[in-house]
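Work through the exercises below with the model open. Try each task before you read its solution.

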Amino acid sequence: MKRTTFVLLAAALLLSATASAQKRDNYEYYKNLPKYAEQLIADLHYPLAWGNSKIKNFKRWKKAARQKVFECMLTPPPAPKQYDMQIIAEEQRDGYKAQRIAFNLSEYYRVEALLLIPDGNGPFPAVNALHDHGAHLFIGKEKMIRPFGVSDDVLKDADAWVDNLYDGQYFGDYLARNGYVVFSIDAPLWGDRGREEGVDRSKYDMIAGNMMMYGVDLSAYMTYDDIRSTEFLASLPCVDANRIGCVGCSMGAYRAWMLSALSDHIKAGAAICWMVTTDVQMTWKYGRSENGGFANCLPGLRRWMDYPHIASLACPKPMLFINGAKDKLFPVPGVEKAFSQMHSVWQSQHADQNLTTELWDIPHSCPLKAQQRTLEFFQKNL
């Protein structure tokens, strides 16, 4: 190769590399967030949060704020004409009866559920037990109540999951042994409500996007289902409809405070390891850039209220929030900020004694002591 040709080629390669570097500098996204994420956060003013809103009457504010949440949740699935409950299987356990049931949750779909009923004469207080996410969609309700009459792989998977996240104790069975009717269904895409082709976590976001094309929201369907399943629970003869609570860990905790905020059937709620503020959640500062996701995504809602503002719609109900200081999903500064914001709401209604927020030295989990703490909470408030 002639020297002149070589020099020209080298110069061209250098120019190409420089141009590529400059082009890379112009990319708008880094990892899973836009590079202008901090500006987006700065633009969130939460005009409908209690204290920010122009509405100063608390009952009127709750009505308006709930309406906005439902507006952002888009169209709900149509209510069933009748529940048409069927008992599929039943077994006696130590102090309570376990049932696998099926009922119409909407006009679109019929679902299976697990139901635990204490021995003796009811009606009993009841708890809607809301399962977690864990990027594990093979089982759902079986994470909260020990399954029966299922395949060995489902039972083994449930036992392994409970050993890992719940200290080896099925939370729902623990509550049933202590006198509560306990009920649990699968969230959409979990367990029996999954894909015909099989479990594939990577399809969740694609399905959620496709559902938005129909004008509906997958995360909202989860909450709508939790609201309607609680209405079903309240209709059962074994349940005291005036004493219904809800509980969950991780995504189940998100479901619990959302349900508490939006359903008058819920009298007390417990949320373990899910509370934070968006400014802390959606930032690179704490080493995570995948904190969002369609499992808790309601279109446009963040332009009106943050998570603790929505949870505060449950005020003045008794609520228990436990988060872990070692929980890498929910950094402590965001948890503490959210707790403070919620306390300001309960305090404004002279009900701060009804809000319990605790930060424990635990990772993202629901250990035995958290389950015991929740039982004590329900014994006091249901």
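**Exercise 1: The chain as a whole**

Of the contacts in the chain with a separation of 6 or more, 72% are between residues 24 or more positions apart; contact means heavy atoms within 4.5 Å. This is a predicted model: local features need pLDDT of at least 70, side-chain atom pairs count only at pLDDT 80 or more, and totals for chains, interfaces and linings use all residues. Residues are numbered from 1 along each chain as its sequence is written, and side-chain values use heavy atoms, with hydrogens and water left out.

Task: Find what share of the 382 residues in the chain is buried.

Solution. Step 1: apply the cut-offs. Buried means under 20% relative accessible area, exposed over 50%, and partly exposed in between (1.4 Å probe, protein chains only). Step 2: read off the share. Buried residues make up 53% of the 382. Step 3: add the secondary structure. The chain has 12 helices and 11 strands. Both are DSSP runs numbered from the N terminus: helices are H or I with at least four residues, strands are E with at least two. Step 4: add the extent. The C-alpha atoms fill a box of roughly 95 × 55 × 45 Å along the principal axes.

**Exercise 2: Strand β10**

Task: Place β10 among its partner strands, and decide whether its faces are covered or open.

Solution. Step 1: locate the strand. β10 spans residues 319–324, and 6 of its 6 residues are buried. Step 2: check each face. Met-319, Phe-321 and Asn-323 are buried on one side. Leu-320, Ile-322 and Gly-324 are buried on the other. Step 3: find the partners. Strands pair if DSSP finds at least two bridges between them. β9 (residues 268–272) runs parallel to β10, with 4 bridges. β11 (residues 355–360) is also parallel to β10, with 6 bridges. Step 4: match residues. Met-319 stands opposite Gly-269 and opposite Leu-355 in β11. Step 5: trace the connection. β10, helix α11 (residues 332–348) and β11 form a right-handed β-α-β unit. Right-handed means that, with the strands pointing away from the viewer, the path from the first strand over the helix to the second runs clockwise.

**Exercise 3: A lysine in a helix**

Task: Explain why Lys-68 counts as buried, and list its contacts beyond four places in sequence.

Solution. Step 1: place the residue. Lys-68 sits in helix α3 (residues 58–72). Step 2: apply the cut-off. Lys-68 counts as buried because its relative accessibility is 12%. Step 3: look beyond its neighbours within four places in sequence. Lys-68 contacts Leu-48 and Trp-304. Step 4: look along the chain. Met-305 is 237 residues away, yet the two C-alpha atoms are separated by 9.4 Å.

**Exercise 4: Backbone exceptions**

Task: Say where the cis bonds before Pro-123 and Pro-316 lie, then sort Ser-250 and His-350 into buried or exposed.

Solution. Step 1: recall the background. Most residues other than glycine have a negative phi, and most peptide bonds are trans. Step 2: take the cis bonds. Gly-122 and Pro-123 are joined by one, with omega about 0°. Pro-123 is in the loop between β5 (110–118) and β6 (124–130). The bond from Cys-315 to Pro-316 has omega near 10°. Pro-316 is in the loop between α10 (307–311) and β10. Step 3: take the positive phi values. Ser-250 has about 60°, and His-350 about 55°. Step 4: sort them. Ser-250 lies between β8 (239–249) and α8 (251–262); its relative accessibility is 10%, so Ser-250 counts as buried. His-350 lies in the loop between α11 and β11; its relative accessibility is 71%, so His-350 counts as exposed.
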